[in-house]
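Me: I should like to go through the assignments made for this model and the grounds for each of them.

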Amino acid sequence: MSLFTAKNFINVILPLPLQRLFTYSITEAEVDFLQKGMRVAVPFGKSKIYTALVHEIHQQAPQEYEAKPIHQILDDKPIVNEIQLEHWTWVANYYMCSLGDVYRAALPSAFLLESETIVLKNPSFTDESLLTDTEFLVFEALHHQSQLSVLEISGILSKKNILPLLKSMLAKEAVVLKEEIYEQYKPKLVKYIRLAEQYKGGAALNELLQSVARAKKQHQALMTYFSLEGQTKKPIKAKDLEEKAAVSNAVLKGLVDKEILEFYHIQVDRISFKQAEGKLKSLNEFQEKAFQEIKTSFETKAVTLLHGITSSGKTEVYSKLIQVQLELKKQVLFLVPEIALTTQLIQRLQEVFGGKIAVFHSKYSMNERVEVWNNVLNNKEKAQIVLGARSSVFLPFSNLGLVIVDEEHESSYKQFDPSPRYHARDAAILLSHHHKARTLLGSATPSLETYFNATNNKYGHVSLNKRFGEVQLPEMELVDVKEKHRKKRMTGHFSDRLLKEITTAIEHKEQVILFQNRRGFSPVVECETCAVAPQCPNCDVSLTYHKYRKELRCHYCNYRQAMPLKCGACGSEKLTTIGFGTEQIELELKELFPEVNVGRMDLDTTRGKYGYQKIIGAFQAHEIDILVGTQMLSKGLDFGNVTLVGVLNADTMLNFPDFRAHERTYQMLVQVAGRSGRSKKRGKVIIQTFNPYHQILQQVSTNSYLEMYKEQLADRWQFHYPPYYRVLKITLKHRDLLRLEEASEWLGQSLGNAFTDNVLGPTAPSVSRVRNLYIKHIIVKIPPKQNLAATKKHIEKIKSTFVAIGAFRSVRLGIDVDSY
């Protein structure tokens, strides 16, 4: 028998971009209590305390360092389950990031407790003459407040760097420091009121009423309480009793003080949906056929593509599939690309599924997201269907049956910065694989990769080619803006053809959507004398003019300045605007149609929590006749009275320096066009362009997805791009351009030696400086037969060597796998 008892340890995930787990020691009692997936507070570094996640419990001591004991246990049961951890590990490995990055991205920030240094006065310190004037100010402040945070002291002294001052005070033993952890989530509690136990008998009740007979208000409150209790048979809220009895809170408090009534609290969710009021809509023959084909496909294929044209009624098919899963007591994840879409989807799904829906996206508050997390974790009835944006793939599902990825082609599903740079569609497919569930990808314009997988029999493939209600696809018309300018038939940015159609639609009390994929009034303000345009001081990009606020704004770093009255270079007062955005279109429309209600939907008008709902609600209620917007408008919104869609400039998207520019333009234009004529009357789409004979625009006008697919696929094969080759993008950033160039050349050379012709770069992107950081890109293409895991391993080795070089250590390096 050993003289020493084995020590116990845990491996934890820290919310830091570190490529490893860390080991801490735990006691025998903690071993029995702790479980994988619980949170523990652990010390890290000299003074920081982080919220770590238990990954493994074992008895193997670390060899490189002595394990510190944990600070405290923060949960009484795991908040992350085994399947989640398995999924997170896949995300970290596939997207070449740390498990800590995934952990930080996955958990609502309220779960990641903040560590803040607290400064306290040392009671044994008496010699104030040792302190400088500034130190005395801090010491004096600690007389009035028992403790101060570093941030509060910084505010008192109006100084940013106060650490040297605190160091000096610590050396003089005038203050002591304490690390405190704050639990950020605060549950919402509703105050209820009930009768004290001793008055629940008949005799005691009469005695009670006599005792308050003289206090009229208290008597009134009690009689109302008994009346409410008799009517509802439910717990009574203190606020409801105040309102019904017409008494103040002080009256109720008086009854509580007399120990007649007592207050108690019940925890409630901040957001909950009403119970279902409607039934599932019956499917038409085409929808029913698609539904049956999907069910058959799911028997042999884990992933199925539903390729349904715009307004074919895909949501009804989704609803029927959700119903099947709910009958099996399974959870459903419904992913949408844009928060704007959740507004309409909630309304449509709520009618059928009501209180079983939970919504999860970034516009929800921290506390609301915690509540959704807990409801999903506990598999509650109110979270059987989770409707959410891309981060929903990280929720703690335990019994997932189906994942629906609506508008699967959307680039919004891709996370670019910060790490993990995952694609929600691909992560969702792996999530359903871990749960042995099924995935349905829905789109009118599938991404090339998905359609390629479907045609190669990797995914199931179901088509829905008829619009709901036998409505025809909209009539497409390409308008040559160059020709209209030559013939002087343009009014501002509107051709005579578009204006005529807008006028006709308004006369028939129909609604119009106008699409311009650029916000603001004008992207460039230029001096007519010297042609200089104001630039952002932090980024290599010109400032966008926003007329409503009379300011110039950078859309990369949000830098702002007032609109100048004269040119900063030559002093000329002749300033002109070049190009146009949604704000300019809105103002032009108000001048052309003064009697018409014009609305705008872009990032500027939807910043608030309910920004989307207000605009979409107003448009549905016909309070807005013409809605101008950016790409937000293109994503699955359903407005029955829209008969005309106008695209003001189709060329900007086509000329974007990206191998997916043509595919994206086709998808965007077809999706925008799909908002038109969705009920009875056939819609019309007018696309203004300087190049009406471009093959993509021709394919949009004839709705030839297959033609576009084959053409783009041939280009991708020729130039070695997905779906044939994998693309991995390495981004380097630094404030010093020379340092960056030296580092990127070294990295490019090292990668070139390993992967020869499949390395492109280093090159500077079109916007080569953002937030004062210069940027360089290196693209690595991975051929079809090259082992992906071995390639990544080799890149990681090169990265480790790169980071080890002292001169390059300050260069920020980010790896983006499948960077499209």
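Me: With which residues is Thr-51 in contact, leaving aside its neighbours within four places in sequence?

Reply: In this predicted model, Thr-51 is in contact with Ile-13, Pro-15, Arg-39, Val-40, Leu-74, Tyr-103, Phe-111, Leu-112 and Leu-113. Thr-51 itself belongs to strand 4, residues 48-58.

Me: Why is Thr-51 called buried?

Reply: Its relative accessible area is 2%, and buried means under 20%; Thr-51 is therefore classed as buried.

Me: Why is no disulfide assigned to Cys-536?

Reply: The closest cysteine sulfur to that of Cys-536 lies in Cys-557, at 3.6 Å. A disulfide requires sulfur atoms within 2.5 Å, so this distance is too far for a bond. Cys-536 is also buried, because its relative accessibility is 3%.

Me: What makes Cys-554 fail the criterion for a bond?

Reply: For Cys-554 the closest cysteine sulfur is that of Cys-536, 3.7 Å away, and therefore too far for a bond. Cys-554 has 1% relative accessibility, so it counts as buried. The disulfide count by this rule is zero.

Me: How do you know that strand 12 is mostly covered?

Reply: Six of the six residues in strand 12 (residues 303-308) are buried. One side carries Val-303, Leu-305 and His-307, the other Thr-304, Leu-306 and Gly-308, and all are buried.

Me: Which strands are joined to strand 12 by bridges?

Reply: Strand 17 (residues 438-443) runs parallel to strand 12 and is joined to it by five bridges; there, His-307 stands opposite Ser-443. Strand 18 (residues 460-464) is likewise parallel to strand 12, with five bridges, and Leu-306 has Val-462 as its bridge partner in strand 18. Pairing needs at least two bridges.

Conventions. Residues are numbered from 1 along each chain as its sequence is written. This is a predicted model: local features need pLDDT of at least 70, side-chain atom pairs count only at pLDDT 80 or more; totals for chains, interfaces and linings use all residues. Side-chain values use heavy atoms; hydrogens and water are left out. Helices (H or I, at least four residues) and strands (E, at least two) are DSSP runs, numbered from the N terminus. Buried means under 20% relative accessible area, exposed over 50%, partly exposed in between (1.4 Å probe, protein chains only). Contact means heavy atoms within 4.5 Å.
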